[in-house]
Amino acid sequence: MTSQYVSPFDERVMAPEPLAPRPAAIEGRTVALLDISKNRGAEFLDRVETRLQAAGAVTMRRAKDIFSKPAALALIDEITGRADLVVEALAD
Amino acid sequence: MPPPPHVLRGRGDRLQNQPAPALSVVGVDPAAASLDDLTGSGAALLVFVSEECPTSAMALRNLGPLCRGWAAAGLTAAAVFEDPLDVAIRVARRLGWAGRVLSQPPPYQASRAYGLVTVPTTVLVGRARTLEATVVGWDQPRLAALIERAGAILGTALAAPPGTEPLCKPGCSSKAAIDPEVAAAISRRTFDDEMEEMFERGWTDGLPVVPPTTERVEAMLGGADGSESLGLVPPSMGEATLERVAACAVLAGCRPEYFPVVAAASRAVLDPAFNLHGQAVTTQPAGQLVVVNGPVRRAIGLNSGMGALGPGFRANMTIGRAVRLLATLCGGAAPGALDRATLGQMGKIGFCVAEDEETSPWEPLHAERGFEPGQSIVTVIGCDAPLNISDHRSRTPEDLAYVLAWAAASAWSTNWWPLAEPSVFVICPEHAAMFRDAGWGKQRLREFMFDAVHKPAGELRRGETTPLVHAADPAAEIPKWAAPEAIVLLVAGGEAGRYSAVLGPCTGMGSQIVSVEVESG
């Protein structure tokens, strides 16, 4: 039996997204540290920020309003416009 | 470093150093399907493959992890499938292919243009779209030389294919090398069991589904415009066209007369206030409870009586399942992928309950929420699994309300007080009758339950608890719920047996209850 089916998938969003190229060094780069507002994420980012600054990176701290929703578009735009790299603290 | 000598073999050799033929293919992004785009960063690696070919699978599995590194250096890799696009994307994902995914329909013009007789065949296209090298089948030494040649073109070293056994493996016949009519027949999968094909396509929640043929989907739509968009389904943000919602309803086993309820429930869960995004990806076990009120319950045979939260009734089982399939398939929230639930719960297969408005002594849920009793309304609530509450001994409404309320004391977590999100109590008819006979309205019951469950903050400071408990005076009484309104009351169940139930909340999401009217067909 051959049948034509209607796919429940939206194929446009199923293709793998390639990762951005990784820089060879972080010295002089601006690194956004994004706290998703989960418990103790800020503590984790404190430690990461200290180490990044010691390595010569410039850091900027930002936070999502709530961890369970996507970041606001304005926040995404700001980070992509100002930062070279992002570190996101995901969970407690 | 000069380019290594040609590493070619097969019919593709004849095209060596000639302009690469145009690609008659489709991709997710049409702009990415042209040779100009693929060679825009320097060079392109075209890997012609087919789903049915084990050697193609091996090539994709071996080369896939290298694609991102190659892309960063200017070599864009694309798997060119001799299969439909949805099949291509699924296979690429399953095999870890991180490059572009392209598809060509019969009669496979791209494969023909490149002179293929075998898949996999790997073609290197250099700057100015010149054919540089071709490797037929899986041939690791030749592929390594081909990648070295690509590196020479780009002026950088590229990671070579892994030298794991087998180093060489013959491929399969390209569909382009077969008579077009035969190839077209091959491309239509001839599964002996189309139910198994659904599993193969990934169109399932783990249970058998009804294949969504065009005829069934059209019947489900009932003349509605399938291109109408209900919005984007998180977390992957696939677009919920009415046609895809109907496909999910078919897969779930719905009858066409259920579809207005499925569509309303879909609209409800896609309301940003419901925060399906958070519920879909959380490690919590949250499911999406679908509550149906109004005349549509009886019209489509929803069960609100015996076994109201259990199996046995097609409308209940399939409507909730259709909503879940929409989130899982169109939204990409497949368990173990973007659905990160630690344990999950059976309600995540689908959970649809109809309120027994005829037995209830109270106004139904949708009337509480501002709708007219005669309207058919779907209400969605993010919920944990139900906890049974047995009480055959209470003789006063106060005792019964106390038992019901304290059963929920450990909802979410033992010491997580107060809960801001709703706990849903499904009150059985015998319990409801006791409150009716005592003249208790919904609000009185709700406030009694709220007042009944509280503890000193000091007793709650153990393990997981709330910032409010930590900050409070140890003697301060903390209620289980932040407000009486966090207690949702429904009536459903068989006429005999004093078993009610409570469904704990989905917390921390800011997820709100959402109600949507069912549009008449």
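Which pattern does chain A follow when read along the sequence? Chain A follows the pattern β-α-β-α-β, with two helices and three strands in total. The model is a predicted one, and chain A is accompanied in it by chain B, which has 20 helices and 21 strands. The points below take up the two chains, their interface, and selected sheets, strands and helix pairs of chain B.

**The two chains**

- Chain A has 92 residues, of which 18% are buried.
- Chain B has 521 residues, and buried residues make up 50% of them.
- The C-alpha trace of chain B spans about 95 × 55 × 35 Å along its principal axes.
- In chain A, 76% of the contacts between residues at least 6 apart in sequence join residues at least 24 apart.
- For chain B, the share of such contacts that join residues at least 24 apart is 77%.

**The interface between the chains**

- On the side of chain A, 23 residues are in contact with chain B, where 39 residues take part.
- The side of chain A that touches chain B comprises 14 nonpolar, five polar and four charged residues.

**An open sheet in chain B and the helices on it**

- Six strands of chain B form an open sheet in the order 1-4-3-2-6-7, and their pairing is mixed.
- Strand 1 (26-27) and strand 7 (131-136) of chain B are the edge strands, each pairing on one side only.
- Two bridges link strand 1 of chain B with strand 4 (residues 100-103) of chain B, and this pairing is antiparallel.
- G27(B) has L102(B), in strand 4 of chain B, as its bridge partner.
- Helix 4 (residues 85-95) of chain B packs on this sheet and touches strand 1, strand 3 (75-81) and strand 4 of chain B. The direction of helix 4 makes about 150° with that of strand 4 of chain B.
- Helix 6 (residues 140-154) of chain B also packs on the sheet, where it touches strand 2 (43-49), strand 3, strand 6 (121-125) and strand 7 of chain B. Between the directions of helix 6 and strand 7 of chain B the angle is about 165°.

**Strand 20 of chain B and its partners**

- Strand 20 (residues 499-505) of chain B is largely enclosed by the rest of the structure, because six of its seven residues are buried.
- Strand 15 (residues 377-390) of chain B runs antiparallel to strand 20 of chain B, and six bridges join the two.
- Within strand 20 of chain B, A501(B) is the residue that stands opposite N388(B).
- Strand 16 of chain B is likewise antiparallel to strand 20 of chain B, to which three bridges join it.
- F425(B) has V502(B), in strand 20 of chain B, as its bridge partner.

**V424(B), a residue of strand 16**

- V424(B) belongs to strand 16 (residues 423-427) of chain B.
- This residue counts as buried because V424(B) has 25 C-beta neighbours inside 10 Å.
- Apart from neighbours within four places in sequence, V424(B) is in contact with L289(B), I381(B), C383(B), V488(B), L490(B), V502(B) and L503(B).
- V262(B) lies 162 residues from V424(B) along the chain, and 21 Å separate their C-alpha atoms.

**Helix 10 and helix 11 of chain B**

- Helix 10 (residues 242-252) and helix 11 (residues 259-270) of chain B pack at an angle of about 120°, and their axes are 10 Å apart.
- The two helices, helix 10 and helix 11 of chain B, are therefore oblique to each other.
- Their crossing is right-handed.
- Helix 10 of chain B contributes L242(B), V245(B), A246(B) and A249(B) to the contact, while helix 11 of chain B contributes F259(B), V262(B), A263(B) and S266(B).
- Seven nonpolar residues, one polar residue and no charged residues make up this contact.

**Helix 16 and helix 18 of chain B**

- Helix 16 (residues 397-407) and helix 18 (residues 442-452) of chain B pack with their axes 9 Å apart, at an angle of about 60°.
- Helix 16 of chain B is thus oblique to helix 18 of chain B.
- Helix 16 and helix 18 of chain B form a right-handed crossing.
- From helix 16 of chain B, the contact involves E398(B), A401(B), Y402(B), L404(B), A405(B) and W406(B). From helix 18 of chain B, the contact involves L445(B), F448(B), M449(B) and A452(B).
- By class, this contact has nine nonpolar residues, no polar residues and one charged residue.

Notes
Residues numbered from 1 in each chain as written. Chains lettered and ligands numbered in written order. Predicted model: local features only at pLDDT ≥ 70, side-chain atom pairs only at ≥ 80, totals over all residues. Contact = placed C-beta atoms within 7 Å. Nonpolar A, V, L, I, M, F, W, Y, C, P; charged D, E, K, R; others polar. Axes fitted to C-alpha atoms, helices over the stretch in contact; angles between N-to-C directions. Helix = DSSP H or I, 4+ residues; strand = E, 2+ residues; numbered from the N terminus. Parallel < 35°, antiparallel > 145°, perpendicular 65-115°, else oblique. Left-handed = near helix turned anticlockwise from the far one by under 90°. Buried ≥ 20, exposed ≤ 12 C-beta atoms within 10 Å, placed from the backbone. Pairing = 2+ DSSP bridges.
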